[in-house]
Amino acid sequence: MNLIERRTFLKTSALAAASAAASARAQSPAAPASPQEGIKWDKAPCRFCGTGCHVKVGVKDGKIVAIAGHPDAAVNKGLLCVKGYHVGGILYGKDRLTDPMLRKNGVLGKISWEEAIDIVAQRIMKNPAGFGFYTSGQSTIPEGYAATKFMKGGLSNNHTEPNARLCMASAVTGYISTYGVDEPAGCYDDFDACNVLLMWGNNMAEMHPVLFSRILDRRERGQKVTIIDLGTRRTRTSEFADHYLEFRPQTDLAIANCIAQQLIERGAWDKKFVENHCAFRADADIAKPDLLGVAISFDDFKKRIAEYTPESVSELSGLSVEQLKMLGDLFADPNIRITSTWCMGMNQHTRGTAINRLVHGIHLLSGHFGKPGDAPTSLTGQPSACGTAREVGTLCHTLPGGRVVTNPKHREQCEKYWNVPAGRIKETIGYHTVLMFEKFCTPKDKGGDIDTIMVQVTNPGQTLPNLKKLYTAKTGIEDKFLIVSDVYPTASTEIADLVLPAAMWVEKNGAYGNSERRTQQWFKMVQPPGQAREDVWMTLAIAHRLFELGHPGMKDKDGKFIFSFKNDVGNEVPVWDYAHFHDINADRVLYEEYRPLTHIKHKHVAPYDELVKHTGLRWPVVEQPDGSYKETRYRFVEGEDPFVEKGKGIDFYHSTTEDGRAQIWFCPFERHPEEPDTEYPFWLCTGRVVEHWHSGTMTMRVPQLRGAMPNAYCEIHPEDAAAAGIGNGDDVIVATRRGEIILSAWINGRGRPPRGSLFVPFFDEKRLINNITLDAYCPISKEPDYKKCAARIRKA
Amino acid sequence: MDSHDVENYFRQHRKTLAVVFLMVSMLAVSGFFMGMRQTEMQAPRIPVATSKTPADSLAEIPTAPKYKQIPTSDWLANRHWKFTLADLPRAETPPANQAPASPEETAAAIARRNSLRAYDGAPPVIPHGIDTLRSSACTSCHGEDAKLVIGGKRPAEISHPWITNCTSCHVPADGLRQITAPADTRLVVENAFIGKTSAGSGPRAYGTAPPTMPHPVWMRQNCMACHGPGREQAIRTSHPERQNCLQCHAPNAAFDNRETYLTNPKPPLDLPILPQQ
């Protein structure tokens with residue numbers, strides 16, 4: 001075949017193919033335009049819980065039209081929960097806030113953004129020390145960083161707190177007092193490798209369903225994994241569990257001690273591991289416990305733990321001796337892998353720090369640590385409780401990267417890095433959440449020295465405990481000013497003096513950090529409605545307005561504004577002017593400014609441009625000789641953690657005793673401050689349901705989620721109900737020492753509390769259970785206990 | 001029986017009749033209030049779009065016997081009651097060759113399907129009450145042997161049976177039933193989200209070519225759950241005996257939802273543009 005022939009052949013065959021296609025077209029009905037057409041997909045972490053699933057967001061004509069589980073995401077592998085599948089709907093509730101509003105004579109009226117920013121700046125100017133900034137575990141990393149730098153490095157004010165104080169502060173103090181550094185050593189890979197999953201008061205089937213499915217999937221693949229639900233109420237998790245161990249509230253402390261007692265009694269503790277890597281510790285004065293405690297000897301530990309025999313703990317906890325011995329057997333077996341998980345059950349606890357320490361302690365004592373599948377891992381409730389609240393440091397005692405305000409070296413490092421004068425950062429710890437709102441709800445002449453609070457990305461009007469005392473009491477007190485930035489009207493905006501409309505989720509750029517140290521990033525995909533704007537812009541605009549008003553704290557050593565945004569060619573971009581905010585990716589600038597600060601505690605977060613390419617990376621993320629970046633699965637473990645020297649095996653390199661050892665704590669069982677009595681004979685527990693996320697601001701606006709779970713209820717045992725003459729669906733009055741609310745009774749419902757116990761979810765803003773919850777908190781972590789207080793119930 | 005007899009009868013049985021009358025009136029009064037209560041509670045529910053044909057609801061209901069017939073009728077013996085799953089009738093496999101569904105039937109099938117989903121690809125909501133605690137209850141009807149006929153219908157079969165925590169993704173459209181609070185005491189906000197619609201039927205290269213798949217394979221690996229015998233006629237396969245579906249029906253890459261990264265606006269390589277034919 002010569003060239004011409006070949007050409008002709010090609011031509012004819014092409015013609016034939018074309019005509020065949022044309023004739024086929026003529027015969028078959030016209031193919032409909034694919035509904036996929038015009039849809040642009042991009043990745044984002046889910047807006048809701050701390051699991052950190054990655055979703056794909058489908059956007060068409062400027063609106064979200066579909067959501068898909070990200071098949072390449074290591075966390076969820078294409079699966080989502082019902083909230084995740086419906087996350088697109090949260091943007092489109094008809095009552096989105098679209099304009100800044102100021103309350104005049106009791107009524108909110110529209111004002112301009114310029115006025116709004118000026119009002120906030122003037123309030124702060126008037127009394128910078130009386131300003132509190134209440135942010136969130138849902139704030140993005142750049143939002144948290146801007147807030148913390150503005151407050152601590154600008155206003156010299158440490159009254160900044162995230163709502164994460166209410167959800168994981170006890171996990172933080174548990175990690176720090178055990179390992180010297182916050183956040184889990186293990187990761188979700190442990191769920192794929194463990195032989196036993198032990199859940200401590202953790203209803204994973206509803207609260208972390210995608211992680212729970214990861215375990216259940218293993219069963220479907222024919223693997224044997226023993227699931228143990230250690231709980232105070234039968235839940236969907238219990239139904240999947242091999243063992244449901246129902247204990248009396250608060251006695252988790254005794255159960256953990258009982259496991260340690262058995263390990264020692266039987267001589268089954270991991271002697272080599274303990275000798276090489278651990279030390280023993282206890283509180284110096286149990287009446288006044290602190291974060292670091294004092295060293296005790298092994299013999300002292302042994303002596304103190306001795307009373308927690310299975311027999312005595314059985315009496316206390318309600319578990320049988322056999323059940324306690326089974327737990328002892330599991331930890332005594334060096335050939336199995338045990339992963340412990342917990343969430344609010346252990347954290348929202350008046351002895352939250354203690355129980356966190358004890359669970360780490362039994363893993364260390366038994367050597368069930370540092371091998372795939374052997375890990376104590378706390379799960380977070382919020383998408384960036386780790387990434388923002390803990391790592392950036394938006395708590396009242398923290399500075400970025402695991403630093404604390406009380407450490408002069410840490411203050412100096414931050415002051416130098418931010419180029420602000422020495423002494424700018426205040427050394428005294430600010431007010432923690434409960435105290436901040438207590439001071440806000442107290443008149444000035446009675447010591448209430450917080451007069452202005454700005455709230456971002458959270459809903460304290462529904463989620464603080466004992467709301468009447470800590471939130472609604474603000475109304476009527478002279479010269480108290482509440483600023484709330486939110487996306488919908490909430491229980492918080494109800495009494496706010498200034499309401500700022502915020503952009504949410506994929507209406508803005510963002511970065512989150514999940515429970516397993518995984519930092520995740522996303523880009524803005526759709527426009528926010530009306531005048532709604534990014535929270536990070538609000539913080540920057542307020543700071544710049546203060547700079548214009550001459551607040552000295554807004555200037556660095558050279559008299560320049562403390563925030564600087566330079567574009568690629570080095571020119572300053574005035575992002576505080578909203579017309580220029582999108583000229584540059586402000587998130588990337590703030591994140592990259594923050595990133596080097598994470599190195600001191602070896603929390604090397606990944607560079608922004610690396611995050612863009614991945615569905616999240618687990619820190620420490622360290623650059624390899626070939627220029628690529630490698631994430632870390634297991635911290636403190638040689639071969640996995642790049643900061644553990646060769647030959648060490650395991651090294652707790654941030655040890656509080658500076659000798660590479662982790663601390664095994666002894667903490668005694670202590671009674672709850674409000675146990676049921678004859679007057680209030682029931683335990684009242686509060687929590688979540690799978691359909692709703694926290695206060696329901698977002699999920700209650702999605703028809704599918706609201707339809708499934710339209711209002712709160714009170715779960716009660718059938719025998720208790722019968723004794724009180726309560727039928728299923730009857731209106732009941734649940735009362736505590738702080739007040740009462742009306743709910744419908746649910747007997748044999750989704751959760752089955754034992755006799756003497758009630759459960760009420762907190763998502764319903766029309767039935768605020770937190771009006772009656774207890775505001776007592778852990779003395780170390782200052783995290784309140786929403787899981788236990790004394791209540792009574794009667795038919796309405 | 002003349003009027004005198006009737007009077008006599010009443011006089012003789014006065015006490016009995018009084019008791020009967022009292023009981024009837026008590027029933028009526030309580031029934032009235034219970035009825036009111038029911039309406040009150042049902043009122044706020046969101047209606048679930050289900051196709052209810054008169055045949056479904058009426059055909060199976062037997063006529064009640066007269067009181068006189070009760071002792072001799074089958075009514076008391078409950079002889080024909082089917083109350084265990086095993087006793088429920090099974091669907092027969094219909095003949096393979098059936099006329100294809102009309103465009104109207106197809107449209108109706110798609111509308112029924114859409115009514116339970118926020119968007120194409122979302123997990124459908126559950127159009128009935130559920131065991132709120134145990135997912136194992138779901139599989140008794142929706143498991144791989146979902147051939148039972150309940151109320152004239154076959155329950156949907158699970159297309160991803162290895163995922164066992166059903167209620168983590170599928171929630172009832174009307175979840176709380178009897179403990180749903182009245183609408184004016186609940187937060188009810190309209191939502192303007194409009195989801196992607198179903199792709200309809202898959203495109204064919206030519207008239208008799210096997211259609212490509214109009215949806216992703218993920219979570220729908222069990223093809224027969226939706227396309228098997230006894231399923232919606234609009235999407236039922238005409239050749240259930242052929243088991244390797246993907247041999248002929250190709251997945252469509254358009255459903256891979258591929259992302260476009262904003263930070264890499266430049267194409268990876270300067271590829272030469274192919275000449276037009």
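In chain A, helix 10 packs a handful of residues against helix 14: Ile255(A), Cys258(A), Ile259(A), Gln262(A) and Leu263(A) on the helix 10 side meet Leu324(A), Lys325(A), Leu327(A), Gly328(A), Phe331(A) and Ala332(A) on the helix 14 side. Sort that contact by class and you get eight nonpolar, two polar and one charged residues. Keep in mind that this is a predicted model. Besides the helix pair, there's a three-stranded open sheet in chain A to look at.

**The helix pair**

- Helix 10 of chain A covers residues 252-265 and helix 14 of chain A covers residues 321-332; their axes come within 9 Å and cross at roughly 55°.
- Angles from 65 to 115 degrees would count as roughly perpendicular and those under 35 as roughly parallel, so helix 10 of chain A ends up oblique to helix 14 of chain A.
- As for handedness, helix 10 and helix 14 of chain A make a right-handed crossing.

**The sheet**

- The three strands of chain A line up in the order 1-2-3, and the pairing is antiparallel.
- Strand 1 (40-45) and strand 3 (63-69) of chain A sit at the edges, each pairing on one side only.
- On average, neighbouring strands in this sheet are turned by 30° against each other, ignoring direction.

**Strands 1 and 2 in detail**

- Strand 2 of chain A spans residues 54-60, runs antiparallel to strand 1 of chain A and is joined to strand 1 by six bridges.
- For a landmark in this pairing, try Lys40(A): Val59(A) in strand 2 of chain A is the residue opposite.
- In general, strands of a sheet pair through backbone hydrogen bonds, whether parallel or antiparallel.

Definitions and conventions: Residues numbered from 1 in each chain as written. Chains lettered and ligands numbered in written order. Predicted model: local features only at pLDDT ≥ 70, side-chain atom pairs only at ≥ 80, totals over all residues. Heavy atoms only, no water. Pairing = 2+ DSSP bridges. Helix = DSSP H or I, 4+ residues; strand = E, 2+ residues; numbered from the N terminus. Axes fitted to C-alpha atoms, helices over the stretch in contact; angles between N-to-C directions. Parallel < 35°, antiparallel > 145°, perpendicular 65-115°, else oblique. Left-handed = near helix turned anticlockwise from the far one by under 90°. Contact = heavy atoms within 4.5 Å. Nonpolar A, V, L, I, M, F, W, Y, C, P; charged D, E, K, R; others polar.
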